[in-house]
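I opened my notebook to work through one structure slowly, writing down each thing I looked up. I wanted every term explained as I went along.

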Amino acid sequence: MMRSRSRSAALFAAAVKRMPGGVSSPVRAFQAVGGLPPFIDRAEGPYLYDVDGNRYIDLVLAYGPHILGHRHPAVIAAITAALERGTAFGATTADEVALAELIQSAFPSIEMVRFVCSGTEATMSAVRLARAATGRRLIVKFEGHYHGHADPFLVAAGSGLATANQPSSPGVPPGTAADTLVLPPGDYAALETVRREHGSELAAIIVEPVAANLGVIPPPAGWLAQLRALADATGAVLIFDEVVTGFRLAFGGAQERFGVRADLTCLGKVIGGGLPVGAYGGARDLMELVAPAGPVYQAGTLAGNPLAIQAGLATLRVLQETQPYAVLEQRLTRLLTGWQAAARAAGVPVTPTAVGSLGSLFFTAEPVTTVAAARATDRVQFARFHRALLDRGVFLAPSPFEAIFLSTAHEDAVIDQVLAIGEEALQELGR
Ligand SMILES: *Cc1c(COP(=O)(O)O)cnc(C)c1O
């Protein structure tokens, strides 16, 4: 059983006095589930250890980067060796070129790449580049898809199709929101309307090829190809935000898995091996518009940081060598199928969803294929499940809209444990 969380409680009380919500990123405050966020002291393989000495099996993995688990020996060795040589030079290193080449070998659509420091920077810069390349203003994004926190993406759908869009956060200028058309994912008729009414004004279509910030919702069959067709018909730039899916669904990301090519691809998370990295890339003619090869300004003091590049390179080399994707997928399927059976036995309605090693357990009897369906799931049951897992030593993301992630460190014995703990938690929910 858990020890007390008294040290976490004291730290959280101090944190909320000096940091908004006590955190550096909102989801970490546990608002969706209530309760106290444990303060983490260290991590190893599939485990997190909090400041009170509790151990958790980690199903969050820093929201995606740690596909090899925490402190993978190859990654730690690479960072350690890099540390010996210095932490930032304001100059290009040999291994940036090596990482760019490795990314190109995995993603045939990425002939050239620019490294940045976060996924947000990657998507923001990709949209600027698309607008510059097309000389147009409007972008299409899909409801519920997350692309980081830059202004063009913090937009909520208005009442009419692609009209009257509103900023979804105070501080985003209405003019910026007006340039983002928000469509329901999977809606073919909406694509046709946009083509007809706004085709010639469209700079970019940006999409999460697998929605992973709404819980996990796979793309409807053929829909990504339809986006490719819309981009081709209108001359818009198709941007795949593969910040989560890149090197996670397959070595070549969603583009390999679904066989659809993007014009620009945004990467992050896995490519930094747990250090702050993002990247955007695409065909040479597009990327050579970026400064200093071209006129589109974009820069970064710590971009291509040598520690981050080494962590990313080590991670990708292990992935390339071991190709763990089928095993990761089997393990997640086994976990979710087991939980589903336990939920049925306990009389708790659930719907699991998964693509590769990304998954969700939604508390609903209905299939979850739309944004509305994801938002209509039972959040009270989710919060109870979250609490029951946490109390038994499993760290699930504290929101039904965050994915479950597995790593190669989650071996079968660990999965067995998570399964058993989840079964107990679901029995508790059914009572
Ligand atoms: C995490 C995420 C981002 C933002 O990346 P940050 O590094 O947090 O800025 C963008 N797009 C998707 C799909 C993400 O999951």
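I looked first at the side chain of Asp58, and in this predicted model I found that it reaches the backbone nitrogen of Val60 at 2.8 Å. A polar atom of the same Asp58 side chain lies 3.1 Å from the backbone nitrogen of Leu61. I noted that Asp58 sits in strand S3 (residues 55-58), where strands (E, at least two residues) and helices (H or I, at least four) are DSSP runs numbered from the N terminus.

Before going on, I wrote down that residues are numbered from 1 along each chain as its sequence is written, and that side-chain values use heavy atoms, with hydrogens and water left out. I added that, the model being predicted, local features need pLDDT of at least 70 and side-chain atom pairs count only at pLDDT 80 or more, while totals for chains, interfaces and linings use all residues.

Is Asp58 buried or exposed? I found Asp58 buried, a word that stands for under 20% relative accessible area, with exposed being over 50% and partly exposed in between (1.4 Å probe, protein chains only). Asp58 has no salt bridge, that is, no side-chain nitrogen of Lys or Arg within 4 Å of a carboxyl oxygen of Asp or Glu. The nearest side chain of opposite charge, Arg248, is 9.6 Å away from Asp58.

I then turned to the largest nonpolar core, which has 75 residues; such a core is a set of buried Ala, Val, Leu, Ile, Met, Phe, Trp, Tyr and Cys residues joined through side-chain atoms within 4.5 Å. Phe247, Leu316, Leu319, Trp339, Phe363 and Phe385 touch the most other members. This core lies between domain 1 (6-67 + 324-430) and domain 2 (73-322), because both give residues to it; the bounds come from an automatic or database domain assignment. I recalled that in soluble globular proteins nonpolar side chains tend to be buried together.

I looked more closely at Phe247, which I found in the loop between strand S10 (237-241) and helix H8 (253-258). Phe247 counts as buried because its relative accessibility is 0%, and its phi is near 65°, a positive value in a residue other than glycine.

Lys269 also has a positive phi, near 40°, and its place is in the loop between strand S11 (264-267) and strand S12 (278-282). I noted that Lys269 is partly exposed, with a relative accessible area of 25%.

Technical notes: Lys and Arg count as positive and Asp and Glu as negative; His and the chain ends are not counted. A polar contact is a pair of N or O atoms within 3.5 Å; within protein, one must be able to donate a hydrogen and the other to accept it, and residues adjacent in sequence count only if both atoms are side-chain atoms.
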